[in-house]
Amino acid sequence: MIRLADLRLLLVAVTLFGGAWPITKSALADATPLWFAVSRTLLGALVIGLLLAFRGELRLPRRRDWPSVLAVGFLQLGAYFALTHLAVALVPAGRTAVLANVTIFWLVPLSVIVLKEKVPGRRWLAAGLGLAGVLALAGPWAMGPGETSTFIGHLMLLAAAFLWSCTIIITRLYPSERPMLMNLPWGFLLGGVVLVPLALIREPLGLGGGIGPGALWQVVVIGCLVAPLGTWAVIEAGRRLPGAVSSVGFLLAPAIGVVVSTLWLGEALGWDVIIGGALICASVVVAASG
């Protein structure tokens, strides 16, 4: 039985993450991708760490917490952020929001194979509608002739979505003993362990790498709001909801990202965006009703 509170949590997650990519894209006018990702993880660790310290709940993860903490830190916050932030420099923000969130490509089959989860026919229909929406939004027609960088960006985003799906599977197989919010500071710090060396190597400070003053407000919004609250909501929604429902629900994030990118960044709103958004919304309705 799907609880209304869990669907609300999913809505918080997709709203924050859907709006994050247009904000991130705008920040890259005065910041390099990996250093922006570093600021996101380290500020997330700081904000949640201070909150837990104020409540007297800042402690090291327990032994049973570590599988989930390691998966979230290295896969979802480290490798996922590295791939998506590099890709957003190559792909429009709306398209990034689409492909960075297509966990449905991976999560439904992984749920069946690894978790032995039975997926009702209605949710397979929802998955089909969601996939059709993704194809409408990010099919080959979205790329111009000779746009190799866009193709590479798409591959990076699909790989990132796979890593996110693996994180969801691991957190469901090995649920943490403590609430995930209490473990998130350590997950963010582990993400920084992945991202900081990559940023130092690929985007050396003093040689063009870093964050300029024009991107500071984006750093604050993403690092202090989206990173802590959005990441917690995503992890909890993925853990609490059936794989087919959460994966389809996460597809609302790209729809929100496309709308924000169109209205704010002026990215083109074509037939593919309209049809894709409609199919994705339909898939969420079908999944939730099942």
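The following paragraphs lead from the overall fold of this chain to its nonpolar cores, its internal cavity and a few individual residues. The structure is a predicted model.

The protein chain contains 12 helices and zero strands. Read along the sequence, its pattern is α-α-α-α-α-α-α-α-α-α-α-α. Of the 290 residues in the protein chain, 54% are buried. Among the contacts with a separation of 6 or more, 91% join residues that are 24 or more positions apart.

The interior may be approached through its nonpolar cores. The largest nonpolar core has 51 residues, and those with the most contacts inside it are Tyr 80, Leu 184, Phe 188, Leu 195 and Phe 250. Two or more residues come to this core from each of helix 1 (4-27), helix 2 (33-54), helix 3, helix 4 (93-99), helix 5 (104-113), helix 7 (148-173), helix 8 (180-202) and helix 9 (216-240). Helix 3 gives the most to this core, with eight residues. A second, separate core has 10 residues, including Leu 16, Ala 20, Ile 23 and Ala 27.

Leu 195, one of the residues with the most contacts inside the largest nonpolar core, offers a view of the surroundings there. When its neighbours within four places in sequence are left aside, Leu 195 is in contact with Leu 34, Ala 37, Val 38, Thr 41, Leu 77, Gly 78, Phe 81 and Ala 82.

The next topic is empty space in the interior. Rolling a probe the size of a water molecule over the atoms shows where such space is left. A search of the whole structure finds one cavity of 30 Å³ or more. The volume of the largest cavity is about 40 Å³. Which residues line the largest cavity? Its lining is made up of Phe 17, Gln 76, Leu 77, Tyr 80, Phe 81, Trp 164 and Thr 231. Helix 3 (residues 66-88) gives the most to this lining, with four residues. By residue class, the lining of the largest cavity has five nonpolar, two polar and no charged residues. Tyr 80 thus appears in the lining of the largest cavity and also among the residues with the most contacts inside the largest nonpolar core. Leu 77 and Phe 81 likewise belong to the lining, and both are in contact with Leu 195.

Two residues with polar side chains may now be considered. Thr 24 has its place in helix 1. Thr 24 counts as buried because its relative accessibility is 0%. Not counting residues up to four places away in sequence, Thr 24 touches Phe 36, Arg 40, His 85, Val 88 and Ile 222. Gln 218 is found in helix 9. With a relative accessibility of 3%, against a cut-off of under 20%, Gln 218 therefore counts as buried. The side chain of Gln 218 makes a polar contact with the side chain of Ser 26, at 3.2 Å. Beyond residues up to four places away in sequence, Gln 218 touches Ile 23, Ser 26, Ala 27, Phe 36 and Gly 223. Two of these partners, Ile 23 and Ala 27, are included in the second core. Phe 36 is touched by Gln 218 and by Thr 24.

The remaining residues illustrate pairings across long stretches of sequence. Ala 71 lies in helix 3 and counts as buried because its relative accessibility is 5%. The C-alpha atoms of Ala 71 and Cys 166 are separated by 8.1 Å, although these residues are 95 residues apart along the chain. Ala 71 touches Gln 76, Thr 167 and Ile 170, not counting residues up to four places away in sequence. Of these, Gln 76 also lines the largest cavity.

Pro 61 is placed in the loop between helix 2 and helix 3. Is Pro 61 buried or exposed? At 8% relative accessibility, Pro 61 counts as buried. Its C-alpha atom is separated by 6.0 Å from that of Asn 183, which is 122 residues away along the chain. Leaving aside neighbours within four places in sequence, Pro 61 is in contact with Trp 66, Val 69, Arg 178, Asn 183 and Trp 186.

Pro 175 is found in the loop between helix 7 and helix 8. Pro 175 is partly exposed, because its relative accessible area is 34%. Pro 175 and Val 69 are 106 residues apart in sequence and 9.7 Å apart in space, C-alpha to C-alpha. Apart from residues up to four places away in sequence, Pro 175 touches Arg 64 and Ser 68. Val 69, for its part, is in contact with Pro 61.

Note on methods. Residues are numbered from 1 along each chain as its sequence is written. This is a predicted model: local features need pLDDT of at least 70, side-chain atom pairs count only at pLDDT 80 or more; totals for chains, interfaces and linings use all residues. Side-chain values use heavy atoms; hydrogens and water are left out. On a 1 Å grid over the protein atoms alone, a cavity is a set of points where a 1.4 Å probe fits but cannot get out, and a pocket is an open set with protein on both sides within 12 Å along at least five of seven lines; lining residues have an atom within 4 Å of a point. Grid points are joined across faces, edges and corners, and a volume is the space filled by probe spheres set on the points. Ala, Val, Leu, Ile, Met, Phe, Trp, Tyr, Cys and Pro count as nonpolar, Asp, Glu, Lys and Arg as charged, and the others, Gly among them, as polar. A nonpolar core is a set of buried Ala, Val, Leu, Ile, Met, Phe, Trp, Tyr and Cys residues joined through side-chain atoms within 4.5 Å. Buried means under 20% relative accessible area, exposed over 50%, partly exposed in between (1.4 Å probe, protein chains only). Contact means heavy atoms within 4.5 Å. A polar contact is a pair of N or O atoms within 3.5 Å; within protein, one must be able to donate a hydrogen and the other to accept it, and residues adjacent in sequence count only if both atoms are side-chain atoms.
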